[in-house]
Amino acid sequence: MNTLRELLERARATLSPSSEDPLLDSQVLLAHVMGCDRSWLYGWPEHVPDTPQIQQFERLVAQRKAGHPIAHLTGEREFWSLCLGVSHDTLVPRPETEDLVEIALGLDLPPDARVLDLGTGSGAIAVALATERRGWQITAIDASAGAIDVARHNAEQFGLSNIGFLLSDWFAALPAHRRFDLIISNPPYIAMGDPHLTRGDLRFEPQQALVSGIDGLDAIRHIVDTAPAYLEPGAWLWLEHGADQGGRVAALLRQRGFGEVRSHRDLAGHDRHCGGRFDAPGPHPGRGSPP
């Protein structure tokens, strides 16, 4: 027999050596195949799925054992209580990035704030901000056409009209006159050759969204150096970074003229986000509209 209980028990045994939570992984994959929530599996433990469902589940378990992220296998991930689509073109949204959303929502921004999300990936940050602040006008940028497609789909499924999407290598395709009240980014920040890149889920995520130079700071340097040209006077830049990069990122911000530089720790106690306010002298052109 291949009851739900038996399938879960076998899958848990299969995944135990390689998964941090083999039972949860098994439940998520089986619920995905069955088109139900996890509680239903326990309400009907003696239910026997049909043969195609069993075969699909076993294929997914084998892929998970090989290290494929659960989110890539199911095509979705919860972020900010939103069920977002993900793909092999995007990073899997992580809980610490929700802190970056919370930081942005806590800033004293105008009700019609212009926000730029650099390296949007699945659109997690942009979609979360757009749902919380319907008056904000958000521009979401990524250099991957596949990622832009995923992010646009996520915005459409929540009926969001306050996000514009732009295919661009960082600021390259932005008009020179554009100005923002907040630039926010979870850029690549892992150093080339970091051993974590050969372990776990990271092996299957897009390397261009993870790796950034010898010390992992190339993208952050570029963003910090270029962002002031696109910021309103007194506007903010906030970045996610590696657990050991907080001091260096804060120094980069100060060297570029940012004030009120702040760091924010994640639940593990590591500096994970850093931001500052840029007060540039002289007049700024008026605001534009999202693409």
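These legends go with a set of close-up views of a predicted model.

**View 1. Helix 1 meets helix 2 near the start of the chain, at residues 4-15 and 22-34.**
The two axes come within 8 Å and cross at roughly 135°. That angle makes helix 1 oblique to helix 2. On the helix 1 side, look for Leu4, Leu7, Leu8, Ala11, Arg12 and Leu15. Helix 2 answers with Pro22, Leu23, Asp25, Ser26, Gln27, Leu30 and Met34. Sorted by type, the residues of this contact come out as nine nonpolar, two polar and two charged. As for handedness, helix 1 passes helix 2 in a right-handed crossing.

**View 2. Helix 6 packs on helix 7.**
Here we have residues 95-105 (helix 6) and residues 124-132 (helix 7), with axes that come within 10 Å and cross at roughly 40°. So helix 6 ends up oblique to helix 7. Helix 6 brings Thr97, Leu100, Val101, Ala104 and Leu105 to the contact, while helix 7 brings Ile125, Ala128, Leu129 and Glu132. The tally for the contact is seven nonpolar residues, one polar and one charged. This crossing is right-handed.

**View 3. Helix 9 lies alongside helix 10.**
The axes of helix 9 and helix 10 are 9 Å apart, at an angle of about 25°. Angles under 35 degrees count as roughly parallel, and the two helices are therefore roughly parallel to each other. Helix 9 passes helix 10 in a right-handed crossing. Zoom in and you'll find Ile220, Arg221 and Val224 of helix 9 meeting Val249, Leu252 and Leu253 of helix 10. Five of the residues in this contact are nonpolar, none is polar and one is charged.

**View 4. The buried side of helix 9 has several packing partners.**
Ala219, Ile220, Ile223, Val224 and Thr226 are the buried residues of helix 9. They pack against helix 10 and also against strand 3 (114-118), strand 6 (180-185), strand 7 (231-240) and strand 8. Ile220 and Val224 may look familiar, since both also belong to the contact with helix 10. Arg221 has a second role to look at: together with Asp215 and Asp218, Arg221 is linked in a network of salt bridges.

**View 5. Asp225 and Arg256 pair up in a salt bridge.**
The N to O distance between these side chains is 3.4 Å. Asp225 sits in helix 9 (residues 218-226), and Arg256 sits in the loop between helix 10 (246-255) and strand 8 (258-265), so the bridge ties together parts that are 31 residues apart in sequence. Both ends are partly exposed: Asp225 has 48% relative accessibility, and Arg256 has a relative accessible area of 31%. This is one of 11 salt bridges counted in the model.

**View 6. Glu260 and Arg277 bridge two strands.**
Their side chains meet in a salt bridge at 3.1 Å, N to O. With Glu260 in strand 8 and Arg277 in strand 9 (residues 271-278), the pair ties together parts that are 17 residues apart in sequence. Glu260 is partly exposed at 44% relative accessibility, and Arg277 is partly exposed at 23%. Take a look at the backbone of Glu260 while you're there: phi is positive, about 50°, although this residue is not a glycine.

**View 7. Arg272 and Asp266 form a buried salt bridge.**
The closest N and O atoms of the pair are 3.1 Å apart. Buried means under 20% relative accessible area. Arg272 counts as buried, at 12%, and Asp266 is also buried, with a relative accessible area of 12%.

**View 8. Ser81 has a positive phi.**
For this residue phi is about 65°, although Ser81 is not a glycine. You'll find Ser81 in the loop between strand 1 (76-79) and strand 2 (82-85). The relative accessible area of Ser81 is 67%, so this residue is exposed.

Notes
Residues numbered from 1 in each chain as written. Predicted model: local features only at pLDDT ≥ 70, side-chain atom pairs only at ≥ 80, totals over all residues. Heavy atoms only, no water. Axes fitted to C-alpha atoms, helices over the stretch in contact; angles between N-to-C directions. Helix = DSSP H or I, 4+ residues; strand = E, 2+ residues; numbered from the N terminus. Parallel < 35°, antiparallel > 145°, perpendicular 65-115°, else oblique. Left-handed = near helix turned anticlockwise from the far one by under 90°. Contact = heavy atoms within 4.5 Å. Nonpolar A, V, L, I, M, F, W, Y, C, P; charged D, E, K, R; others polar. Salt bridge = Lys/Arg side-chain N within 4 Å of Asp/Glu carboxyl O. Buried < 20%, exposed > 50% of the residue type's maximum accessible area, 1.4 Å probe, protein only.
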